[in-house]
Every structure is written in structure tokens, then in C-alpha cells.
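Dear colleague,

Here is the structure I promised to pass on to you. Please look through it with the notes below beside you, and write back if any of them should be put differently.

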Amino acid sequence: MTSYVSTRGEWARDPQPFCAILLEGLAPDGGLAAPEAYPRLQPGALEAMAPMGYRDLAFAVLSRFIGDIPHAELRALIDRTYTAATFGSEAITPVTRLEAGVHLLHISNGPTLAFKDIALQLLGNLFERVLAREHRELNVVGATSGDTGSSAEYAMRGKRGVRVFMLSPDGRMSPFQTAQMFSLADPNIHNLAIDGVFDECQDIVKAISGDASFKRRYAIGTVNSINWARVAAQVVYYFKGYFAVAPSIGAPVDFAVPTGNFGNILAGHVAKEMGLPIGRLILATNENDVLDEFFRTGRYRPRASAETHATSSPSMDISKASNFERYIFDIVGRDPEIVRDLWHQLEREGGFDLSETPHWTNVEASGFVSGTSTHADRIATIRATFERTGVVIDPHTADALKVGRDRADPVVPLVCIETALPAKFAATIREALGCDPARPAIYANLESRPQRFERLPADAERVKAYIAAHAGSPV
Ligand SMILES: *Cc1c(COP(=O)(O)O)cnc(C)c1O
């Protein structure tokens, strides 16, 4: 049974079961929860998994990470989560061939048209189950500039014991993203439109999380991208993508992944560590190229938020990749002391450099390669892909396809991960193709539906007062 330790050493003598880390953010020592050891696939396991449908595959993968929910119950929870009604088809994450040797893995067919649904829909059901058993309630507080907030709201709407308070910068999301969130009528969803920019929303959430007595009194929690259950849920579609295109079990397959917080591609790394024969993980960044710089040079230098560019693949506009610490934990031989030293150095000096250290050979052996894609690359890739194949891709997928094609190995199949549908990013599609992207029927007239939200100033005390008034009975 897989138990969990912190990347900075906590729980090393007392590894935690899955449900104990599910509702937590950072570990008490500031590190991230990581499996004590990755569950390795036994001989024959890949052959057994290859013909499985998504739900069977999800159970085969997730039961190796979740040891403290009875199998029958986990099975039922997975069956309730990954349905054709929620994800558009029985395949859940279908694979299509784009051109010779290049495939698209469609992981963005969930309710909000972005891949975060894959993990958050599961998280909603896991939260409901764990809270009910422990007779607890949770008030999820988060900040969003678009995709994460809507995915979290669609996952938690109507769930017993959970309320969501989602802060967003008033008037700064796209009309589609705004309407997607603000049109939800569920009483457990609270949209707080903050008079400020995204960073101010984020700072308010940090202030609330930093107020230990408020946090305890109102049972405040988060669903941010460091949540381990999100990573585990994402491991499943790497198996699905692999089996869909591998010419034979054991042959390598490369994946190209548009990367922001390093959550998606970390799941690929975990799949590889479990024994899935992934060849290379091709990491694509946009103009915010901190991770490309690391994989090319060994230098990790996160930028300040003021130096973060606002781009046309906005979900990758991240200065500090919150999941990167889990990868570095593996690279340094899972020695928490080295992780602590590196993160101290990060605080003191603003970065670290692994190129001249013995760890660099582990980075090279991990199969990561990287590249950067710019706005001009996105537009050219969307246009060329449409002209050649008739397929319209979103700007994030375009980043992955651009870098993936540059790095492709002619004899290894490439799976490029589609992380959002183009309907979410109409302005960029219009710039590239001169016409609007198709929109799924469920979102027809989205912008004209009634909207429900509360306008608040960028003031943590005012937000706390709102939460206190709507958080149910304090504990
Ligand atoms: C969140 C997101 C990404 C980045 O994924 P990470 O897991 O943060 O690396 C890429 N594309 C889209 C559309 C997203 O919503």
C-alpha cells in the first residue's frame, strides 16, 4: 500500500495514508506530499492494462496510489466520475491521428473544456466521500484567472459538505470564462469578483490561508495544483495515450506537454517511473520559459510575478512551477535534506544550478527535453494545422505541437496533449484563422445566461467577512 512522505522530510518515520494527505495543502514542513516509493508495474501488468477502457484503467492506476478506500468503493467512485455524460464519449480521453507519427490526446472534453476537469471531477467525489466519513465540512477558497476556478466549481457544485469561494479579478477574464463560472446557480458556489488583478486575488487567498485561527474556525481548504490526488488522476491518461498508439507493448512513445505548474507533465514522469515505456517527455513552455531554461542549462530561476508575461496561452503564464519540487525530489535520490538546501538557496539567491552537480545525469536520464513557443509560433501552428488537417487546436495545444514537432524522433510515435478546446480562446483563433471556433452545444448562449457573483474590494478582511457570513456553522 502506497504511503506518503513530504519532499522535505516530514512523515519520513510515519508515512501517511492517501486520505490523510487528500485535504491538505503543503506538508507541515512546507514540502509536498510524495509517494514513499512509486508503485512499480509487475511483469504482465502492461499487457493486462492495454485493452482496458478508461474506468478500468483508472482503477488499475489509482488503486495503486489509494490504499485506504475499500476497492469496491473506489471502483464506484471512479465509475461515477468518468462517464460519457461528463466527458463526451466512453473513451473519456480519445486519441486521434493528426499526421504521420503525430497524435492528439484529447483530455479537455470535460464540463469546462480544459484538462483540469479530469482531476478535479475525481477530487470532488473524493472530497465528498472523505468529508462525509469524518463528519466534516470544507470551505474551499481559491483564486483564478480562468481555467482552475471554473474546473473547481464544476467539480464541487452540489457536493455535500463542500462550499467554494472563488476569487477572480473583476472584468479581467474572457467573457466566456466569466460566464462559465458566474452562470452557476448552485447555492454552494460563491463567485467573488475582486476589484483588482489576479495577483491581488492570490494574495488575499494567501492571507486567509496564513491566518491559522480563521482557517481552523471556518474549515478552509484549497484545491490547488499541488494536490497529490490531482497528479495521480492525471497519470491515467498517459497509459491511455500510450496504449492507443504504441506499435507494440514495450515500444517507446514520446509525449509533448504544454506546461505551466508542472502538474500535467509530472504525471507523465510518474507513469514512466511506474514502468510505462514513455520515451521522452517533451516539455513546452510559452514566453514564460523558466522550465525550458532549466532543462537546457540546469539553471532554475523562477521569475517574479512582475516579470511574468501575459500571453495568448494564459494558463501557462506561471513564474514558479509549484509541482517542480516533486520532480527534483526524485532527481536528488529522494533525499529531503538536499531538497531543503536547494529551496533555501532558492529563497536566498533566487535560483539554483544543477548542471555542475552529480544530479544532472539524473535529469538527463529522466527523458525530459524542452522548448519554447511564442505567440507567432502559436498563430502559425494553429493556421498550418488547420490548413493541412482541418483540425482547429487551442493556443496551449499549439505550443505543445510546435515544440513536439521540433523535437520529434521520426521513428517514435508522438502524442501531443490537447489541454483545452479552442472555443475557450476565441480571440486567438480569430487572429489565426479569421473565424470563430466551434462551440459545444451545451455552451450555446452561455454569455446571455443570468450571472451570480458578489463584487468585493481587494481587501482580505472584507473577503473574510463574506466567507464568515456564508461558511455555515463555525467549528
Ligand atoms: C493548467 C493548464 C496548462 C498547464 O498545466 P500544468 O499542469 O499547470 O503544467 C496548460 N494548458 C491549459 C489549457 C491549462 O488549463
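Aromatic pairs number 27 in the structure, which, please keep in mind, is a predicted model. One of these pairs joins Phe294 and Tyr300, whose ring centres lie 6.5 Å apart with the planes at 90°, and because planes over 60 degrees apart count as edge-to-face, the pair is placed in that class. Phe294 and Tyr300 are both buried, and both belong to a cluster linked by ring pairs, which also takes in Phe262, Phe295, Phe324, Tyr327, Trp343, Phe352, Trp360 and Phe368.

Aromatic rings also turn up beneath charged groups. The charged end of Arg334 sits over the ring of Tyr38, at 4.9 Å from the ring centre, while Lys464 lies over the face of Phe214, with a distance of 5.5 Å to the centre of that ring.

Next comes the ligand, which has 15 residues around it, and of these Lys116, Asp147, Gly260, Asn261 and Asn264 come nearest. Sorted by class, the shell is made up of five nonpolar, eight polar and two charged residues. As for individual contacts, a polar atom in the side chain of Lys116 is 2.5 Å from an oxygen atom of the ligand, whereas Gly260 brings a polar backbone atom to 2.7 Å from a ligand oxygen, and a polar backbone atom of Asn261 likewise lies 2.7 Å from an oxygen atom of the ligand. The ligand taken alone exposes 380 Å², and the protein buries 96% of that area.

Lastly, the cysteines. How many disulfides does the count come to? A disulfide is a covalent bond between the sulfur atoms of two cysteines, and with a cut-off of 2.5 Å between the sulfur atoms, the count comes to zero. Two of the cysteines deserve a separate word on accessibility: Cys19 has a relative accessibility of 12% and therefore counts as buried, since the limit is under 20%, and Cys416, with a relative accessible area of 0%, is buried as well.

With best regards

Definitions and conventions: Residues are numbered from 1 along each chain as its sequence is written. This is a predicted model: local features need pLDDT of at least 70, side-chain atom pairs count only at pLDDT 80 or more; totals for chains, interfaces and linings use all residues. Side-chain values use heavy atoms; hydrogens and water are left out. Buried means under 20% relative accessible area, exposed over 50%, partly exposed in between (1.4 Å probe, protein chains only). A residue is near a molecule or strand if one of its heavy atoms lies within 4 Å of it. A polar contact is a pair of N or O atoms within 3.5 Å; within protein, one must be able to donate a hydrogen and the other to accept it, and residues adjacent in sequence count only if both atoms are side-chain atoms. Accessible areas come from the Shrake-Rupley method with a 1.4 Å probe; for residues, only the protein chains shown count as cover. Ala, Val, Leu, Ile, Met, Phe, Trp, Tyr, Cys and Pro count as nonpolar, Asp, Glu, Lys and Arg as charged, and the others, Gly among them, as polar. Rings of Phe, Tyr and Trp (its six-membered ring) pair if their centres lie within 6.5 Å; planes under 30 degrees apart count as stacked, over 60 as edge-to-face and the rest as tilted. A charge sits over a ring if NZ of Lys or CZ of Arg is within 6 Å of the ring centre and within 35 degrees of the ring normal.
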